[in-house]
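Trainee: Please take a close look at one strand and its surroundings. I would like the pairing, the burial and the contacts that follow from there.

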Amino acid sequence: MKNELERIDSSTSAKDMAVVLRRDGAAIVTNALSAQQLVSINHELDVAIAETAPGLRNPTNDFFVEFYGKRTIRIDGLPAKSRTFWTILESSFMTRIADELLLPNCDDYLLNTGQLIQIGPGENAQLLHRDEDAWPHLKPPKPQLQVEAMFALTDFTVENGATQVVPGSHLWDPERVAQPHEIKRAEMLAGSALLYLGTTMHGGGANTTTDQWRRGMFFGFVVGWLRTEENTFLTVPIETVRAMPKRVQEVLGYKAHGGIGVVDVGSPMALLT
């Protein structure tokens, strides 16, 4: 396991990306977004960001108020807010790596959640965590459940809250605590992405600036037989889904996973015609 995050280009084959992820648990992907995608997705999300105050609006538990940050703007339902996001869901290095890592464990995978995460000045560092802990009832040994990425929509620096990540932690005992020297920072230019496994420890960094907002777009895929973190059936109106490419409709949950997720004991896709 390498001490620093490896940097790989988005054109790297899924098999080679998987080798790095299985070894390190995380990597920085350069050229994750094209220049046009970066401009478009920022423009499409500007309005939603301007209308949203920092802090958690409807917490399901008091723990999440601090966990998600009082000076951080979070917005989900990205497929309803950005057509550019559709192109990333339909075809990108993320779909290739999900095909490689998740399809051996399911018939198909789903969008687990998609969020705009904008860390504001003065925000504290987030608690280090593993995203697969969202499903604590599934005990090890277990298959690979999740793969995800944090896309930098602005430059990520240590000062403005670049994501903390612990290479190799996907192989640790669950009770092991990361030491300061083991925590790395995903410093990267806008258009890059931090790619990592759901078993890798990570968390948003502290924003120690007085005037910079660190804007990132997070999303991940999860095996299709798990309940997803985000309820996309409510965050993305069905009228919007009807205009989407078929593959995007499928990863939003309108493709049944065998006998799971059916409507009238049949395919939910019938609702979109």
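Mentor: Start with β5 and β10 in this predicted model. Strand β10 covers residues 214-223, runs antiparallel to β5, and is joined to β5 by seven bridges. Two of the pairs can be named. A152 has G216 as its bridge partner in β10. Q146 has V222 as its bridge partner in β10.

β5 also pairs with β8, residues 193-197. Five bridges join these two, again in the antiparallel sense. Here A149 stands opposite L195 of β8.

β10 has a further partner. Strand β4, residues 109-119, is joined to β10 by 10 bridges, and the two run antiparallel. Within that pairing, Q118 is matched with R215 of β10.

Now burial. β5 spans residues 146-152, and seven of its seven residues are buried. Take the two faces in turn. In a regular strand the side chains alternate between the two faces of the sheet. On one side of β5 sit Q146, E148, M150 and A152, and these are buried. On the other side sit V147, A149 and F151, which are buried as well. Both faces of β5 are therefore covered, given that buried means under 20% relative accessible area. β10 is mostly covered too, with 10 of its 10 residues buried.

Next, the packing. In soluble globular proteins, nonpolar side chains tend to be buried together. The largest nonpolar core here has 56 residues. F151, L195 and F219 touch the most other members of that core. A second, separate core has 15 residues, including L5, A26, F156 and L194.

Look closer at L195. Leave aside neighbours within four places in sequence. L195 then contacts V147, E148 and A149. It also contacts M17, L21, G25, A26, A27 and V29. F93, M94 and I97 complete the contact list of L195.

M188 is another residue to check. It lies in the loop between β7 and β8. M188 counts as buried because its relative accessibility is 3%. Beyond four places in sequence, M188 touches M150 and A152. It also touches A193 and L194. The remaining contacts of M188 are R7, I28, D155 and F156. For a distance across the model, take M188 and G259. They are 71 residues apart along the chain, and their C-alpha atoms are separated by 42 Å.

Now the small sheet. Three strands form an open sheet in the order β7-β6-β9, with antiparallel pairing. The edge strands are β7 (184-185) and β9 (202-203), each of which pairs on one side only. β6, residues 164-165, pairs with β7 over two bridges. V165 has K184 as its bridge partner in β7.

The loops around these strands come next. S169 sits in the loop between β6 and β7. S169 is buried because its relative accessibility is 1%. Leaving aside neighbours within four places in sequence, S169 contacts R130, T199, T200 and M201. T199 lies in the loop between β8 and β9. T199 is also buried, at a relative accessible area of 19%. That value counts as buried because the cut-off is under 20%. Beyond four places in sequence, T199 touches R130, E132, Q144, S169 and H170.

T199 leads to a pocket. The second largest pocket has a volume of about 470 Å³. Its lining has 18 residues, and R130, P140, K142, P174 and T199 lie nearest its centre. By class, the lining has eight nonpolar, four polar and six charged residues.

P140 brings up backbone geometry. The peptide bond from P140 to P141 is cis, with omega near 0 degrees. P141 sits in the loop between β4 and β5.

Two phi values also deserve a check. N31 is not a glycine, yet its phi is positive, at about 55 degrees. N31 sits in the loop between β2 (26-30) and α2 (35-50). N31 is exposed, with a relative accessible area of 52%. D264 is not a glycine either, and its phi is positive at about 55 degrees. D264 sits in the segment after α9 (246-254). At 75% relative accessibility, D264 counts as exposed.

How values were computed:
Residues are numbered from 1 along each chain as its sequence is written. This is a predicted model: local features need pLDDT of at least 70, side-chain atom pairs count only at pLDDT 80 or more; totals for chains, interfaces and linings use all residues. Side-chain values use heavy atoms; hydrogens and water are left out. A nonpolar core is a set of buried Ala, Val, Leu, Ile, Met, Phe, Trp, Tyr and Cys residues joined through side-chain atoms within 4.5 Å. Buried means under 20% relative accessible area, exposed over 50%, partly exposed in between (1.4 Å probe, protein chains only). Contact means heavy atoms within 4.5 Å. On a 1 Å grid over the protein atoms alone, a cavity is a set of points where a 1.4 Å probe fits but cannot get out, and a pocket is an open set with protein on both sides within 12 Å along at least five of seven lines; lining residues have an atom within 4 Å of a point. Grid points are joined across faces, edges and corners, and a volume is the space filled by probe spheres set on the points. Ala, Val, Leu, Ile, Met, Phe, Trp, Tyr, Cys and Pro count as nonpolar, Asp, Glu, Lys and Arg as charged, and the others, Gly among them, as polar. Two strands pair if DSSP finds at least two bridges between them. Helices (H or I, at least four residues) and strands (E, at least two) are DSSP runs, numbered from the N terminus.
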